[in-house]
Amino acid sequence: MKELLRPVRPAPGARVAVVAPSGPVVEERLQAGLDLLRGWDLDPVVAPHVLDRHRSLPHLAGADADRAADLQSAWCDPTVDVVLCARGGYGAQRLVDLLDWDAMRAAGPKVFIGFSDSTALHEAFAVRLGLATLYGPVAAGIDFVKNARAQEHLRATLFAPETVRTLRSGGVPLAPGRARGVTLGGCLTLLATGYGTPHSRAGARGGLLLLEDVGEPPYSVDRALTQLLRTGWLDGVAGVALGSWHRCGPYEELRPVLADRLGGLGVPVVEELGFGHCEGALTVPFGVGAVLDADEGTLTLDAPALR
């Protein structure tokens with residue numbers, strides 16, 4: 001698996017476009033997130049349809065075409081340096097076929113940030129643009145607006161990425177060892193449901209796979225991992241780092257599932273790396289070369305997430 005092009009870090013005063021490719025956004029939390037960004041000497045601008053609601057599908061932040069237009073316009077705007085998702089939820093998969101990827105490629109690289117449902121977009125940016133992205137807090141997320149650790153780690157990743165090249169696990173190795181590869185991953189459910197689509201990778205060969213999810217009981221996690229195993233998507237993966245599993249049942253019930261499904265890969269597996277749907281979630285880059293040391297509980301990037 002090849003390393004992807006790392007975008008340039010934003011300068012003070014950089015413009016950040018906030019888009020809502022997934023679920024509906026809470027305005028009060030959005031305003032709090034915008035205030036935080038302004039406090040970082042960034043210039044946030046809200047896309048036209050961020051606060052929309054779909055007429056008949058309440059789980060979506062407006063019509064697919066409008067959400068896609070917001071994302072594409074933000075990406076193709078030469079004054080925008082960073083595109084930041086407002087929240088997760090569901091809906092990003094519905095957009096990827098509506099975007100003009102040729103136009104977005106021509107617009108050049110910039111920083112993309114989002115997590116959870118935006119896994120579908122992280123995959124598409126990797127496949128269609130060859131671009132490294134940041135899996136991190138969203139503008140209207142509770143964790144971003146209320147948790148200092150999440151705020152500071154994202155801020156450091158943006159402005160001083162050389163200071164946050166090592167992520168450290170709070171858990172123990174699920175499978176020991178050390179491996180080198182290129183980071184990829186995100187929300188397990190989105191990776192599994194994206195398999196076979198034209199905007200997702202055919203497999204994780206040579207990669208360090210970062211996995212997490214939310215609200216899926218142990219049998220659903222089992223089902224998604226089994227699908228990835230049966231399709232061969234996990235063949236040749238170099239190592240696995242696990243993040244949070246919020247509301248995925250008691251961890252003592254989920255952990256045996258993870259060990260059973262991933263232990264047979266014969267690669268290092270580290271748990272509780274502190275990214276995803278957890279309090280104080282860390283920002284992790286996708287598309288960057290790194291070393292996973294399960295025994296030490298570390299993921300160390302070969303280079304800063306941003307240039």
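Author: Two strands count as paired if DSSP finds at least two bridges between them. The model is predicted.

Reader: Over how many bridges do strand 13 and strand 14 pair?

Author: At least two bridges are needed for a pair. Strand 13 and strand 14 run in the antiparallel sense, and A290 has L301 as its bridge partner in strand 14. The number of bridges is four.

Reader: Which residue in the turn of that hairpin has a positive phi?

Author: Strand 13 and strand 14 form the hairpin, with four residues between them. A phi of about 70° occurs in the turn, at G297.

Reader: Which strands stand at the edges of the open sheet, and why is one side of each left without a neighbour?

Author: The open sheet has eight strands with mixed pairing, in the order 6-14-13-8-9-10-11-7. Each edge strand has a single partner strand, so one side lacks a neighbour in the sheet. The edges are strand 6 (166-168) and strand 7 (173-175).

Reader: Which residue stands opposite R168 in strand 14?

Author: Strand 6 pairs with strand 14 (residues 298-301) over three bridges, in the antiparallel sense. Opposite R168 stands T298.

Reader: What is the bridge partner of R178 in strand 13?

Author: Strand 8 (residues 178-187) and strand 13 (residues 289-293) run antiparallel, joined by five bridges. R178 is paired with D293.

Reader: What handedness does the β-α-β unit of strand 1, helix 1 and strand 2 have?

Author: Strand 1 (residues 15-19) and strand 2 (residues 43-46) run parallel, joined by four bridges. V18 has V46 as its bridge partner. With helix 1 (residues 27-39), these strands make a unit that is right-handed.

Terms used
Residues are numbered from 1 along each chain as its sequence is written. This is a predicted model: local features need pLDDT of at least 70, side-chain atom pairs count only at pLDDT 80 or more; totals for chains, interfaces and linings use all residues. Side-chain values use heavy atoms; hydrogens and water are left out. Helices (H or I, at least four residues) and strands (E, at least two) are DSSP runs, numbered from the N terminus. A crossover is right-handed if, with the strands pointing away from the viewer, the path from the first strand over the helix to the second runs clockwise.
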